[in-house]
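Grab your viewer and work through the exercises below. Each one sets a task and then walks through a solution.

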Amino acid sequence: VTASDGGSITVNARNLEMTGESILLAGIDSGLGSNNSQAGNIEVHATVAINLNNSSEIANQVQPKANGQGGNVNISASTLRIEGAAQVNTLTSGAGKAGSLSVDAQDVQIIGTSADGFPSALRSSALSNSTGDGGDLTLRTNTLLVRDGAQVLTSTFATGKGGSLSVDAQDVQLIGTSADGQYFSGLFTSAVPNSTGDAGDLTINTGELLIQDGAEVGAEARSQGNAGNITINVDGLLRATNGDIITTAERSSGGAITITAKDMRLFGDSNIATNVLSGVGGGGNITLNANSIIALNDSDILAFARDGRGGNITLNTPAFFGQNYQPTLSGADRLTLDGNNRVDLNATGDLSSGIITTPEPSLVQNSFIELPQNLIDTSSLIASSCIARRNQKQQGSF
């Protein structure tokens with residue numbers, strides 16, 4: 001089903017299933033539209049479920065050399081399931097901005113890749129040779145599962161800015177990678193190599209957040225632009241097991257990471273890191289707010305800027321435990337901190353290092369509190385005899 005040059009598409013159903021490269025497409029064709037025109041919107045509403053699989057697609061696109069703005073894509077359902085490299089996209093290849101993408105569902109599952117490794121995705125992008133900005137992506141759900149290389153992302157491949165990504169959920173689970181390891185499951189904002197625009201900001205508001213088995217939350221600018229900021233608010237537990245939260249800038253300013261959670265647990269090789277890979281851009285600041293932060297194994301908190309100033313690291317918590325934790329090492333290269341089986345806090349930069357603020361030294365633990373030597377004598381707590389009850393018609397037994 002297609003609608004171009006301003007036409008809109010509306011689908012109302014109990015259940016909607018798209019498979020076998022089927023497509024819902026609206027947009028503005030090449031050479032058409034005006035600067036003030038807008039492509040039609042796509043509205044898909046199902047009272048029960050929307051299932052997209054086998055490379056099927058819902059898309060709104062401004063074609064190359066087209067004028068005008070992209071239309072919006074709005075999806076609502078009880079359950080939304082996207083798998084087998086199916087995608088929901090808003091895209092621009094022209095001068096206009098890509099439309100926004102909004103999903104409102106009780107349960108959202110985005111799973112896996114195609115046989116040739118292309119990921120299932122929710123995506124808004126400014127594509128190569130476009131001059132417009134990417135669209136914003138908003139996802140509201142009770143439960144969000146992204147696994148096996150699937151992705152939720154905004155990106156720019158050109159001069160425009162990447163859109164922002166916002167997730168509001170009760171429970172978010174980001175798990176695994178694609179079978180070939182090429183794609184990490186997760187939530188991303190990106191400015192890809194050879195682009196000049198900035199990456200968008202990424203915001204997560206959730207009750208629980210799980211990141212594991214190679215999954216990531218990331219905001220990166222792999223060319224001239226700035227990395228986006230990451231803001232995460234978790235009412236309960238943030239748990240990462242071999243999962244990362246990272247901002248990366250190639251040579252501009254690195255994005256900041258701000259996380260507020262009831263408790264944080266970092267296991268395996270789980271890093272919270274901001275990086276500037278080259279140039280004099282400043283590293284992004286890292287601020288962690290929690291009742292307790294426990295980091296084990298080779299989990300690190302790093303704010304690097306190779307040629308600039310390292311970002312600041314602030315741990316606002318009354319209880320921080322870092323396994324084999326050692327104070328920051330000036331001049332350390334990030335590669336020397338990988339695989340050392342200890343927790344590192346490092347804010348190194350070539351121009352200057354950032355400031356690291358931790359709880360009072362007495363609250364920073366290198367090991368769990370040891371058990372006391374004066375063990376309790378349990379025999380002293382057990383009565384030496386049992387007194388039988390008398391004058392009862394029925395007695396129990398033990």
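Strands (E, at least two residues) and helices (H or I, at least four) are DSSP runs, numbered from the N terminus. We're dealing with a predicted model, so local features need pLDDT of at least 70 and side-chain atom pairs pLDDT 80 or more, while totals for chains, interfaces and linings use all residues. Numbering starts from 1 along each chain as its sequence is written, and side-chain values use heavy atoms, with hydrogens and water left out.

**Exercise 1.** Place Ser93 and work out what surrounds it.

*Step 1.* Find the loop between strand E7 (87–92) and strand E8 (101–111); Ser93 lies there.

*Step 2.* Check exposure. Buried means under 20% relative accessible area, exposed over 50%, and partly exposed in between (1.4 Å probe, protein chains only). Ser93 counts as buried because its relative accessibility is 9%.

*Step 3.* List the contacts (heavy atoms within 4.5 Å). Leaving out residues up to four places away in sequence, Ser93 touches Gln61, Val62, Gln63, Pro64, Lys65, Leu127, Asn129 and Ser130.

*Step 4.* Compare sequence with space: Ala158 is 65 residues from Ser93 in sequence, and their C-alpha atoms are 9.3 Å apart.

**Exercise 2.** Is Ser155 buried or exposed, and what does Ser155 touch?

*Step 1.* Look in strand E11 (151–156), where Ser155 is found.

*Step 2.* Its relative accessibility is 3%, so Ser155 counts as buried.

*Step 3.* Again skipping residues up to four places away in sequence, the partners of Ser155 are Ser124, Ser125, Ala126, Gly162 and Ser190.

**Exercise 3.** Which strands pair with E19, and how covered is E19?

*Step 1.* Strands pair if DSSP finds at least two bridges between them. E17 and E19 are parallel partners over six bridges, with Val217 opposite Ile245.

*Step 2.* E19 also pairs in the parallel sense with strand E21 (residues 272–276), over five bridges. Here Ala249 stands opposite Val276.

*Step 3.* Now the faces. In a regular strand, side chains alternate between the two faces of the sheet. On one side of E19 sit Asp244, Ile246 and Thr248, on the other Ile245, Thr247 and Ala249, and all are buried. That's six of six residues in E19.
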